[in-house]
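Trainee: I am new to this model and would like a close look at one part of it. Please pick a single spot, explain what surrounds it, and then work outward.

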Amino acid sequence: MESEMSRMTASLNRKIWRTVNRSYVSKSLSELMHEMLIQPRVLKQENGLHHLEVDTDDQAICYRFQAAPRMLDYWHVFPDTVEKWVNGQQTEIDALRFYGDLQHTIGISPFTLAHFLEETSNTLFADTRILARKRPTASTLAAADYQEIEHSMEGHPWLIINKGRIGFSAAEYERYAPELAPTMRLFWIAVHCERGAFHGINNLSYREQIERELSAGERETFEQLLVARNLSSEEYYLLPVHEWQWSHKLVQLCAADIAQDRIVPLGYGDDLYSPQQSIRTFFNVSDPRKCYVKIALSILNTGLIRGLSPLKLRLAPLITDWIKGLLAGDPYLARCGFTLLGEVASISYSHPHFGTIEDAPYQYQEMLGVIWRESVALHYRPDEKVMTMAALLYIDDQDKPLLAALIGGSRLPVREWIDAYLRAYLRPLLHCFYRHGMFFVPHGENTILVMKDFVPQRVIMKDFVEEVQFAPQRYATVPNEFRPILLQIPENEVTLFVFTDIFDGVFRYLADILVTYLGYEEQTFWSQVADIIHDYQHESPDLAETYAKYDLFVPEFARFCLNRLRLLKYGYDEAAAPPCVPDLRGFLRNPVAEWRRDTRELRTAYQRPMPAEEFALSATESIGDGQERFRRPVAASAARAERAVNRGAI
């Protein structure tokens, strides 16, 4: 016990604590500037760097740092330059105090600030554990397998508090955090058919699914435990639960059902599992070809309590069947090798009391259930390897990016590697967008890259069922029973899914790494993105009207703010539904707009990089008079953003 207690604090030393606090504040500065929550002053510019200063609630306190401007109103903040000044004296960087210093400047309520600092503390603690473990080098990770890469990821790049995990103790963090690469067995229970329901794809039966997941010996053991209680196994569904969920939520909140044998604890299964980046989804280490297991885990992490909605559990396999059916006969996607990991089966649970409360906070409806998802191991060949796309943003302890190691291993010029990546990732998403009116949320954690000789070949999408949305024309074909989950996007907001989820959510960070660490021109990267869009449109000229309707070369698009949602909009109030209304503030200049062309012959006319001095001026303006600059866009764009906010859709 003493050694376990000591292990919890082993990473908490002065050097590591200083490092993670400085890193956290530098990330905060980047994202707060991007979302227009702070407006630094430019003190001077030299050698491409801006020396910036942020005022706080106290006139005697300011923060100074150096940053390099990037497109999409993003700044690469150099952590080693971040300084806090109090009455003209430099003092220690403290991430928690940073938000206290800026509470009124940003406008954070005391209630929200206290909870936000709790999540910040948890994130900092996790960061100390990551740093103390000696992170793998970029070259090591480039040659690593899927799971090693998965466990080396460090959280959402956009969300500042990306490892908040309110609900885990320090000891539980050690047992369950994916970055520590733990393995564990899942705890199994039996739920009576009065309370539970099974759902499967293509007439998949409950018995077939359980025989895939549990050995004959495990099934016999569990069935004998039911028989010993004079219960019939035919009246029960077997499903795994997270041991944290069992001990912290289910034993007490489902005590009546346990007492009356509606829920029967059975014990641990034989297979070892490992948590993925999403923390409630588990990979089968013992047999990688078996399904991923997604189970309810009622901790607050990255903005949501991570339960499982009974409605989504019921519909997930049906929606998988339907969406895969829509795309199955598409020859273009087949040539791209585009693959969806289907959610093949689920078991939902209805609580006899919480389930009857209208508009109860959503977490009380989502405490028990399971989804089985196809394993990625079924979808790549022996000469290929797979990796989470989130890994493209990985920087090791020697300040070397994984991206550089991959490109070096491929022996391709940077431009050719980027072209291969964009063909593998962006091209099939454009096809789903334009041909099918279908929009995924293809951020790094949801996207798996299939690699060969260090070069991206194609992508595999996961976790798509509850996030896919549709343009109005396609939505007319959505079955009525799916409409509570599969939402229609207003016509004038359709392109924001590309601009927000791909341009701002993925390419903003990728372009920064290319510039900062590889010396690659940012304009060149975005010209390659534009080329992929143009090339796709050239390949499918029959969709010309759709390209005009959903124009990806507009001068600007609405700025979507993630961190504002937690700091200012939703805070930590409980609600009947998970927070979903976006916060759209001002506009971002579209980085591909400069490369608009109408025909292939006009390519050179539109492939002109923005002069560096013009871009630097634009970036400086967005800092110096940020609010004013973003009130000036055309009336139609402003009206579009206002309607998006009012309707609660992106």
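Mentor: Start with Thr-495, which touches Phe-433, Tyr-550, Asp-551 and Leu-552 once residues up to four places away in sequence are set aside; contact here means heavy atoms within 4.5 Å. This is a predicted model, in which local features need pLDDT of at least 70 and side-chain atom pairs count only at pLDDT 80 or more, while totals for chains, interfaces and linings use all residues. Residues are numbered from 1 along each chain as its sequence is written, and side-chain values use heavy atoms, with hydrogens and water left out.

Thr-495 sits in the loop that runs between helix 17 (472–475) and helix 18 (496–518). Helices (H or I, at least four residues) and strands (E, at least two) are DSSP runs numbered from the N terminus. With a relative accessible area of 15%, Thr-495 is buried; that word means under 20%, exposed means over 50%, and partly exposed lies in between, using a 1.4 Å probe and protein chains only.

One contact of Thr-495, Phe-433, leads to the next feature, since Phe-433 also belongs to the lining of the second largest cavity. A cavity is a set of points on a 1 Å grid over the protein atoms alone where a 1.4 Å probe fits but cannot get out; a pocket is an open set with protein on both sides within 12 Å along at least five of seven lines, and lining residues have an atom within 4 Å of a point. By this rule there are seven cavities of 30 Å³ or more, and the second largest holds about 100 Å³ of space. Volume is the space filled by probe spheres set on the points, which are joined across faces, edges and corners. Besides Phe-433, the residues that line the second largest cavity include Leu-429, Leu-430, Met-438, Phe-439, Phe-440 and Pro-442, and also Phe-497, Val-498, Asp-501 and Ile-502. Helix 16 (414–436), strand 20 (438–439) and helix 18 each give two or more residues to this lining. Helix 18 has the largest share, with four residues. Helix 18 is also one of the two helices that flank the loop holding Thr-495.

A second buried residue can be set beside Thr-495. Ser-527 is found in helix 19 (residues 522–539) and is buried, at a relative accessible area of 7%. Leaving out residues up to four places away in sequence, Ser-527 touches Arg-415 and Trp-595.

Now compare the cavity with an open space. The second largest pocket contains about 550 Å³. It is lined by 26 residues, and Leu-300, Ile-305, Tyr-362, Gln-363 and Glu-574 are the closest to its centre. Helix 5 (110–132), helix 11 (243–253) and strand 14 (297–301) each supply at least two residues of this pocket's lining.

Helix 5 also borders the loop that holds Thr-137, with helix 6 (138–142) on the other side. Thr-137 counts as partly exposed, at 28% relative accessibility. Apart from neighbours within four places in sequence, Thr-137 is in contact with Asp-396 and Gln-398. The C-alpha atoms of Thr-137 and Lys-27 are 21 Å apart, with their places 110 residues apart along the chain.

Asp-399 lies in the loop between strand 19 (385–388) and helix 15 (402–410). Asp-399 is not a glycine, yet its phi is positive, about 65°. Most residues other than glycine have a negative phi. Asp-399 is partly exposed, at 48% relative accessible area. Asp-359, likewise not a glycine, has a positive phi of about 65°. Asp-359 occupies the loop between strand 17 (343–349) and strand 18 (369–373) and is exposed, with a relative accessible area of 62%.

A positive phi, near 60°, also appears at Asn-230, which follows helix 10. In helix 10 (residues 216–228), the buried residues are Glu-218, Arg-219, Phe-222 and Leu-226. Seen down the helix axis, they fall within an arc of 100°, so they line one face of helix 10; the arc is that of the directions from the axis to the C-beta atoms. These buried residues pack against strand 7 (187–192), helix 9 (206–213), strand 9 (236–241) and strand 10 (263–268). The face turned away from the buried side carries the exposed residues Ala-216 and Ala-228.
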